[in-house]
Amino acid sequence: MTDLLSLSGAESFRVFDTDFPNGDLAGYFPASSRVLDFSKTGGQVEIFDTILSETHFDYVVDLEANLLQGFFKIYSDIGFEQAAAEANLRVSVYFILDRKVSSVSTALTISKSCKHAEFIPVRNEAMGNILTVPQAANVYGQIRHHRDIQLPRLSVNALNYLDQPDFSFANFLARNGDGVPLELKIEIWSFLETVYNQRQSGDMN
Amino acid sequence: MKPLLILVGADKGGVGKTTTSRALLDFLARRNVLARAFDTENPRGTLHRFYPNIAEIIDLSRVRDQMKVLDTMQSAAVKVTVVDLKAGNLSSALDTFEKIGVLEAARSGEFDLALFHVVGPSIASLDEMGEVAKYTKGLSYIVARNFINETNFFEWDEKTFKKYFAGLSNAREIEIPKLNEMAYEQVDLAGVTFTDFIANKTPKGQDAEYSFVLRGYVRKWISDLNDEFEKLELIKSLLAPQQSSSDPSESNENNA
């Protein structure tokens with residue numbers, strides 16, 4: 001997601017990484033990222049106040065799993081959605097499901113607390129398909145969502161390649177995959193095509 | 001409308017008494033109920049700092065200042081009077097009011113009197129409830145459990161509180177919910193009312209630049225607090241003046 005934004009230039013987007021103090025995502029975009037502690041009020045102020053006061057940026061907020069419920073409680077309590085709408089900001093929530101039924105239940109809860117945001121469940125094929133469990137499928141059916149995204153399973157080699165600190169999807173695309181072993185190049189290219197096609201398809205709805 | 005005297009007090013300091021007074025004055029203002037206030041935190045006047053136009057600093061131990069509050073209730077254009085009692089002065093103030101006949105006048109219906117007793121997390125706060133009970137018969141007695149500056153472990157549990165509370169037949173209970181500490185500090189620093197902070201206004205009414213998040217925290221807190229105040233019969237009567245002149249014994253808070 002962030003790489004997609006970075007294609008428009010480093011000055012067009014900002015990343016808030018709540019993986020404090022590590023900032024794994026921020027490590028890939030150091031010039032545009034801030035690592036902050038969302039459990040502290042100062043971190044909350046930094047995220048929400050910045051988004052509402054510097055509306056010329058696109059933002060990615062990478063939320064740690066343990067902060068998810070707290071984040072959306074504050075999001076709802078402080079009336080962020082209404083303020084965002086008044087500032088002409090569009091909010092999209094990408095919720096990554098894991099292999100537990102509780103994950104689908106959490107997605108349902110979160111989708112209810114951000115009523116006016118675009119809610120997009122993301123399923124990772126590598127995690128298995130939780131929707132084969134009837135109870136999960138039932139809850140999933142109750143989630144208000146605009147579309148969903150399915151991440152194709154990647155090989156271990158491809159995952160290791162993507163995890164390299166200097167890897168960037170944007171550079172991969174810009175260089176047309178030059179310098180990447182052919183097998184991985186095809187796999188990553190296919191992965192990106194599948195993901196971005198789903199995204200574009202949703203955007204056109 | 002019959003005058004209403006609201007006393008806000010606690011015998012223990014640091015339980016959020018003035019915050020409760022501020023919240024109450026804010027609530028009344030939002031509901032378009034005119035009120036005047038007396039701040040007995042003499043000479044500093046914390047409440048006065050936030051409400052310079054309606055709050056006067058007085059020394060309740062001085063007869064002249066007692067007269068300023070009590071002798072003007074009938075004649076004042078503003079019928080609601082809020083008195084923020086100095087920390088540690090609740091029992092002595094009630095004792096004085098009992099001796100000079102203020103409590104009896106309220107019991108006989110000359111005016112309405114409500115006591116907001118702010119209790120904090122210590123056992124001492126609970127003991128206070130028993131101590132003031134002898135003064136509150138026939139009056140509206142509201143125990144405000146203050147969680148706003150909850151920084152300590154509560155020394156009492158719910159069961160203990162209910163045990164104390166059960167001994168007070170006429171008491172009603174509200175909770176002052178916890179407010180985010182940074183939000184509370186910022187309101188304090190700004191020296192504005194909670195309502196003005198939410199509206200992003202300076203004390204002089206100019207546009208301010210308070211944090212959206214902190215304003216959001218205060219907005220949510222105020223909303224929760226509204227629910228607490230609105231469940232009180234005293235407040236219901238105040239907001240529906242046509243009913244306030246009815247027999248005070250009908251009020252749930254006056255059933256002692």
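Contact here means heavy atoms within 4.5 Å. The model is predicted.

**View 1. Helix α7 of chain B lies across two strands.** The helix covers residues 158-166. Its strand partners are β6 (140-146) and β7 of chain B. Helix α7(B) runs at about 145° to β7(B).

**View 2. Seven strands of chain B form an open sheet with parallel pairing.** The order is β3-β2-β4-β1-β5-β6-β7. Strands β3 (55-57) and β7 (171-176) of chain B are the edges, and each pairs on one side only. On average, neighbouring strands of this sheet are turned by 20° against each other, direction ignored.

**View 3. Strands β1 and β5 of chain B pair in the parallel sense.** Strand β1 spans residues 4-9, and strand β5 spans residues 112-119. The pairing runs over 6 bridges. Within it, V8(B) stands opposite F116(B) of β5(B).

**View 4. Helix α3 of chain B lies across four strands, β1, β2, β3 and β4.** The helix comprises residues 63-70. Strand β2 covers 35-39, and β4 covers 80-84. Helix α3(B) runs at about 165° to β2(B).

**View 5. Helices α8 and α10 of chain B pack at an angle of about 100°.** Helix α8 holds residues 181-190, and helix α10 holds residues 212-230. Their axes are 9 Å apart. Angles of 65 to 115 degrees count as roughly perpendicular, so α8(B) and α10(B) are roughly perpendicular to each other. From α8(B), the residues M182(B), A183(B), Q186(B) and V187(B) take part. They meet L214(B), Y217(B) and V218(B) in α10(B). By class, this contact has 6 nonpolar residues, 1 polar residue and no charged residues.

Notes: Residues are numbered from 1 along each chain as its sequence is written. Chains are lettered from A and ligands numbered from 1 in the order in which they are written. This is a predicted model: local features need pLDDT of at least 70, side-chain atom pairs count only at pLDDT 80 or more; totals for chains, interfaces and linings use all residues. Side-chain values use heavy atoms; hydrogens and water are left out. Two strands pair if DSSP finds at least two bridges between them. Axes are lines fitted to C-alpha atoms, for helices over the stretch in contact, and angles run from 0 to 180 degrees between N-to-C directions. Angles under 35 degrees count as roughly parallel, over 145 as roughly antiparallel, 65 to 115 as roughly perpendicular and the rest as oblique. Ala, Val, Leu, Ile, Met, Phe, Trp, Tyr, Cys and Pro count as nonpolar, Asp, Glu, Lys and Arg as charged, and the others, Gly among them, as polar.
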